[in-house]
Amino acid sequence: MEFEFWDNCWQRESQPFHLNEAHTFLVRYVQQYFSTDQKVFVPLSGKSLDLPFLAELGYYPVGVEFNPKAVNRFIEENQLEFSSEVSNAANGHELVRYHNHTMEVWLADFFDITSEQIGKFRQVYDRAAFIALPEAMRRDYAKHLKSMLAKDATLLLVTMDYVPDEMSGPPFHITLDEIKQQFPEGWVEELCRCSLLDTHPRWKELELSRLDEVLYKITF
Ligand SMILES: C[S@@+](CC[C@H](N)C(=O)[O-])C[C@H]1O[C@@H](n2cnc3c(N)ncnc32)[C@H](O)[C@@H]1O
């Protein structure tokens with residue numbers, strides 16, 4: 001999924017993946033598995049309200065999003081006051097770090113940014129990031145994400161489970177086997193699963209026989 005694909009999406013007034021509140025899995029599980037003394041990495045963060053939710057609880061979320069429309073809307077809609085710094089990735093691409101005392105958002109391509117710039121994380125929350133990417137990109141994503149993990153890291157990963165013949169992604173269908181294959185160093189546990197079929201007219205229109213959102217905890 002290239003920049004243009006997501007830019008088309010951000011040109012529209014609303015985005016099907018955006019939620020108007022923090023994700024229920026995050027609300028339910030964050031305090032059990034994440035501690036406030038460590039930052040929480042939120043790759044491919046869009047304008048997700050999970051960031052302000054984490055910040056309000058005293059976590060320090062660090063988002064990365066490459067679409068300026070998404071980042072600008074995130075800042076405006078949440079009335080955030082940020083300082084900003086501009087630097088360059090090794091390939092010359094620009095990285096803009098917006099930050100205040102409660103959170104940080106990088107306007108940058110996830111694949112351009114390294115742990116040298118952003119640090120290493122013991123806590124990662126991935127909702128609609130891994131599953132937003134086609135298979136070949138998921139391999140690169142997993143590899144790159146692992147290069148940003150500190151020792152003993154925990155990844156909370158939200159995926160979608162549906163009959164693959166009934167819908168083409170994104171969101172892409174991810175199996176437990178694939179997660180184990182992409183994160184062989186991690187211990188994978190399914191924490192929670194709930195059906196989304198009744199949550200949005202889009203899913204009804206597609207006449208899916210099943211659509212579950214699944215939360216995995218991967219410990220490294
Ligand atoms: C499906 S959305 C999910 C957004 C957010 N996690 C949420 O739950 O609302 C995926 C987001 O990733 C962004 N994105 C895609 N590829 C990216 C990349 N290589 N680097 C940074 N952001 C990227 C897109 O612009 C889009 O906002």
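This report walks through a predicted model, starting with its sheet and ending with some unusual backbone spots.

## The sheet

Let's begin with the strands. Strands of a sheet pair through backbone hydrogen bonds, either parallel or antiparallel. Here, 9 strands form an open sheet with mixed pairing, in the order β3-β4-β5-β2-β1-β6-β7-β9-β8. At the edges sit β3 (83-88) and β8 (187-195), each of which pairs on one side only. From one strand to the next, the twist averages 20°.

To see one pairing in detail, look at β6 (residues 121-127) and β7 (residues 149-162): these strands run parallel and are joined by 6 bridges. Within this part of the model, Asp126 stands opposite Leu157 in β7.

## A helix packed on the sheet

Now find helix α2, residues 24-33, which packs on the sheet and touches β6, β7, β8 and β9 (211-219). The direction of α2 makes about 155° with that of β7.

Which residues of α2 are buried? They are Phe25, Leu26 and Val30. Viewed down the axis of α2, the buried residues fall within an arc of 100°, so they line one face of the helix. A general rule helps here: an α-helix has 3.6 residues a turn, so residues three or four places apart point the same way. The buried residues of α2 pack against α3 (50-56), β6, β7, β8 and β9. On the face turned away from the buried side, you will find the exposed residues Arg28, Gln31 and Gln32.

## Around the ligand

How many residues surround the ligand? There are 20, and the closest are Trp6, Leu44, Gly46, Phe66 and Phe110. Sorted by class, this shell has 12 nonpolar, 5 polar and 3 charged residues.

## Unusual backbone spots

Most residues other than glycine have a negative phi, and most peptide bonds are trans. With that in mind, try the loop between β7 and α7 (176-182), where Pro170 lies. A cis peptide bond, with omega about -5°, joins Gly169 and Pro170. The bond from Pro170 to Pro171 is also cis, with omega near 0°, and Pro171 is found in that loop between β7 and α7 as well.

Two residues other than glycine have a positive phi: Asp152, near 60°, and Glu207, near 50°. Asp152 is found in strand β7, while Glu207 lies in the loop between α8 (201-205) and β9. Are these residues buried or exposed? Asp152 counts as exposed because it has 8 C-beta neighbours inside 10 Å. Glu207 counts as exposed because it has 9 C-beta neighbours inside 10 Å.

Notes:
Residues are numbered from 1 along each chain as its sequence is written. This is a predicted model: local features need pLDDT of at least 70, side-chain atom pairs count only at pLDDT 80 or more; totals for chains, interfaces and linings use all residues. A residue is near a molecule or strand if its C-beta atom, placed from the backbone, lies within 6 Å of it. Ala, Val, Leu, Ile, Met, Phe, Trp, Tyr, Cys and Pro count as nonpolar, Asp, Glu, Lys and Arg as charged, and the others, Gly among them, as polar. Two strands pair if DSSP finds at least two bridges between them. Helices (H or I, at least four residues) and strands (E, at least two) are DSSP runs, numbered from the N terminus. Axes are lines fitted to C-alpha atoms, for helices over the stretch in contact, and angles run from 0 to 180 degrees between N-to-C directions. Two residues are in contact if their C-beta atoms, placed from the backbone, lie within 7 Å. A residue is buried if 20 or more other C-beta atoms lie within 10 Å of its own, exposed if 12 or fewer, and partly exposed in between; C-beta atoms are placed from the backbone. The arc is that of the directions from the helix axis to the C-beta atoms.
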